[in-house]
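Q: Could you take me through one part of this model up close? I'd like to follow what chain B touches, step by step.

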Amino acid sequence: MEKEFTDVSIPTSLYKKIEQKIKGSGITSVSSYVAKVLRESLLKEEETQEALTKEDEEKVKKRLKALGYID
Amino acid sequence: MIQPHGSKLVERVLHGEEKERALEKAKVLPSLKLNFELVSDVENIAFGNFSPLEGFMGEGEYRNVLNHMRLSDDLPWPIPIVLDVEKEVAKKLKIGQEVILRNESNDPIAILHLEEKYEYNREEMAEKVFQTKDTAHPGVAKVRGMKDVLLSGKIDLIQESPTPFYNYKLKPIETRVLFKEKGWRTVVGFQTRNTPHIGHEYVQKTALTFTDGIFVNPVIGRKKKGDFKDEVILASYDELIKHYYLKERAVVVILQMEMRYAGPREAIFHAIIRKNFGCTHIIIGRDHAGVGNYYSPYAAQDIFEEFPDLGIVPLFFKSFSFCKKCNSVVNEKTCPHQPSEHINFSGTKIRELLIQGKIPPPELMRPEVAKIILDYDNPFVE
């Protein structure tokens, strides 16, 4: 089974800086802080894949009209 | 348009010949009869409301969700979506087999491609999801009553179960077209299981001030005795929107799903579903998805700190009330007056008045909304 956590090395000075930063913040460890920051930076605005063909989109619009959601 | 959770909107619905073949297979394959809540989960998976899930969770996914509130690819996901069966039933099923899932009327609704069968600890599930072992908590009681073995695997929907609210039921693929047609670039989702009072309207309109449209999304499903009936909730929202909203700025669409009452975890879950519908924002109020006093009032807001990668913006609201001195709806951040000047939006008080056939004062509920509710012989679940 794959390990749930793994190690990443960061400079000790940076580690200490983060330790200071998170004091009293509610974040319980440097690891939690680093994971939070990484997740934030990985959240990218990518183009949504177009899931519908033009024809399918027209069908959806037809239903929305029939239900009164659009005019 | 905002991305669905996990970037791709799931659609696992059989059409045409595939559907016909599945209906034929349903005559011979082993089958499981599901309750209303599981049928709703199946449909929510198939229509992409639960994207990126494509089926019921396997053990690895289940454990990850329970322990870390994330799927195995690190995507936020706080609630296990699982299918429980009795040991004897599980024994008869083979991994790799197709199993027909049926609704309460015994109609075939989906095929489960069985990937895994595993045992689990009900107490652990209840305690981690609901943060309590107390069996008076409806979620804990439900989990404690679950069957011994969980089945996992992708599902394919054969046919939707009938609903009296078909006209209010849209799939994420449809709401996304709807928002595009309306020209809404930002949409705020509002989760509800109640008829609207003035406090709800205040929150919705405050959020709407900063977004292009409001997506009112009542949870429809099995309710507790004394709750408003689903049809009453929908009629009351239609009336509120007709009289007090711009038609081009508000829509009501149902979400057929069980309320878990998991407080903070469920708030994240609700946010994910609304993201899949295409909402960019979600309103999270005091004690969102809570029950009794199991969660601290703002725990469902604090938990969002742990999910910077959720991809939908929560709009947090404090408790609000009507201030007689301000003559308006206020919250603790906006009003300097004493609590004695405040009238709380107590659902219980409004309900009591309605039960007596009385229209609540206009500072609590719009008279048009109250009248619609009172038009029903019995607006409450018996």
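**Contacts of chain B**

A: Where the two chains touch (heavy atoms within 4.5 Å), chain A brings 22 residues and chain B brings 30 residues. This is a predicted model, where local features need pLDDT of at least 70 and side-chain atom pairs pLDDT 80 or more, while totals for chains, interfaces and linings use all residues. Residues count from 1 along each chain as written, chains are lettered from A and ligands numbered from 1 in written order, and side-chain values use heavy atoms, without hydrogens or water.

Chains A and B bury about 2400 Å² between them (accessible area lost by both, 1.4 Å probe), with 54% of it on carbon and sulfur atoms. Six salt bridges (Lys or Arg side-chain nitrogen within 4 Å of an Asp or Glu carboxyl oxygen) span this interface. One of them pairs Lys247(B) with Asp71(A), at 3.5 Å from N to O. On chain A's side, α2 (30-42) and α3 (54-66) each give two or more residues. It's α3(A) that gives the most, with five residues.

Now look inside chain B, which splits into domain 1 (16-157) and domain 2 (166-374). Their C-alpha centres sit 29 Å apart, and the contact takes 33 residues from domain 1 and 29 residues from domain 2. Together these domains of chain B bury about 2800 Å², and carbon and sulfur atoms give 57% of that. On the domain 1 side, Asn49(B), Met69(B) and Ile79(B) lose the most area to domain 2, together 19% of what that side buries. Four salt bridges run between the two domains. You can also find Glu258(B) and Lys142(B) in a salt bridge, 3.0 Å from N to O.

How values were computed
Buried area = accessible area lost by both parts, 1.4 Å probe. Helix = DSSP H or I, 4+ residues; strand = E, 2+ residues; numbered from the N terminus. Domains from an automatic or database assignment.
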